Amino acid sequence: MDDEEQLEMLGEQLYGLIYPRHADMAGKLTGMLLELPGPILAQTLQDEAMLTEALDKALSALKLSKETSSELESQGEDEGSASSDSLGEQLYKLVDVYNTGLTEKITGMLLEQKKVEVQKLLSDPGLLEERVNIALKTLEEQSPEETDVSDSSDPDDTDRLGEKLFAVVQQIDAVKCADITGMLLEMDHGTLRQVLSDRDMLEVAVQRAQAALLEHDTHTLPDRQDASLSAGTQSAESTQT
């Protein structure tokens, strides 16, 4: 039996368990729970308590998604109407439904996007599911060393990511691409791969780096001017002597 047939069989079993409880939403809930990792899904089918907990999480996520969608409609296009902390909390609850064991990492990766994109994820379960799967796949492809946030990353892998990153950053800011690339390489490899695969996330990350560089230049410019003035004064004094 191939993976597709096995998934279909699990879906039928799951639907049969959910339908008596939530007949009007059985299809939607089945689809959501089928996104659970295989071992957890198999255990959920055998454990009544786990199934109940998973359904409660899915129902809460659907309710939260509807409430968020209504709020966004009433707020119109005002991106500043919702705080980043509030969006993060709502996104965390929705991502946690998938029981990936990586809720915090995936939420962090998704929050790298523009606020308006995060709001879309909160109001569109299908889009959220797609982004969660992309993030999960990215994290699963990492080696244990890359998953660890310590400094044990493979230098060769860092070089490859750096080359790819430099090429795309150069298209956005040809003048400061080297400095910006260096700053972005400070991210963990999972987040960095997500940034490379999502143009919106890349642009946001570049804008943040540009702002940091601008702030740094603003602070250092007076020091340079003072140094130049001091050097000019000393030169004038030497000439007079």
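**Briefing: confidence, a helix pair and a cavity**

In the protein chain, confidence peaks in helix α11 (residues 177-184), with a mean pLDDT of 88, and is lowest in helix α9 (residues 144-147), with a mean of 46. The model is predicted, and the mean pLDDT of the protein chain is 75, with 73% of residues reaching 70 or more. The points below cover confidence, the contact of α7 with α8, and the largest cavity.

**Confidence**
- Residues 77-81 have pLDDT below 50, and this stretch makes five contacts in the model beyond near neighbours in sequence.
- Residues 143-153 also have pLDDT below 50, and this stretch has 11 contacts beyond near neighbours in sequence.
- Where pLDDT is low, the predicted coordinates should not be read in detail.

**Helices α7 and α8**
- Two packed helices are described by the distance between their axes and the angle between those axes.
- For helix α7 (residues 115-123) and helix α8 (residues 125-140), the axes come within 5 Å and cross at roughly 110°.
- Angles of 65 to 115 degrees count as roughly perpendicular, and α7 and α8 are therefore roughly perpendicular to each other.
- On the α7 side, the contact is formed by K120, L121 and S123, which meet P125, L127, L128 and R131 in α8.
- By class, the residues of this contact are four nonpolar, one polar and two charged.

**The largest cavity**
- Searching the whole structure yields one cavity of 30 Å³ or more.
- The largest cavity holds about 100 Å³ of space.
- Its lining comprises 13 residues, of which M32, A61, Y98, P125 and L128 are the closest to the centre.
- The elements giving two or more residues to this lining are α2 (26-33), α4 (48-75), α7 and α8.
- The lining residues divide into 10 nonpolar, one polar and two charged.
- P125 and L128 of α8 take part in the contact with α7 and are also among the residues closest to the cavity centre.

Notes
Residues numbered from 1 in each chain as written. Predicted model: local features only at pLDDT ≥ 70, side-chain atom pairs only at ≥ 80, totals over all residues. Heavy atoms only, no water. Axes fitted to C-alpha atoms, helices over the stretch in contact; angles between N-to-C directions. Helix = DSSP H or I, 4+ residues; strand = E, 2+ residues; numbered from the N terminus. Parallel < 35°, antiparallel > 145°, perpendicular 65-115°, else oblique. Contact = heavy atoms within 4.5 Å. Nonpolar A, V, L, I, M, F, W, Y, C, P; charged D, E, K, R; others polar. pLDDT = per-residue confidence, 0-100. 1 Å grid on protein atoms, 1.4 Å probe; cavity = no way out; pocket = protein on both sides within 12 Å on 5 of 7 lines; lining within 4 Å. Points joined across faces, edges and corners; volume = space filled by probe spheres on them.
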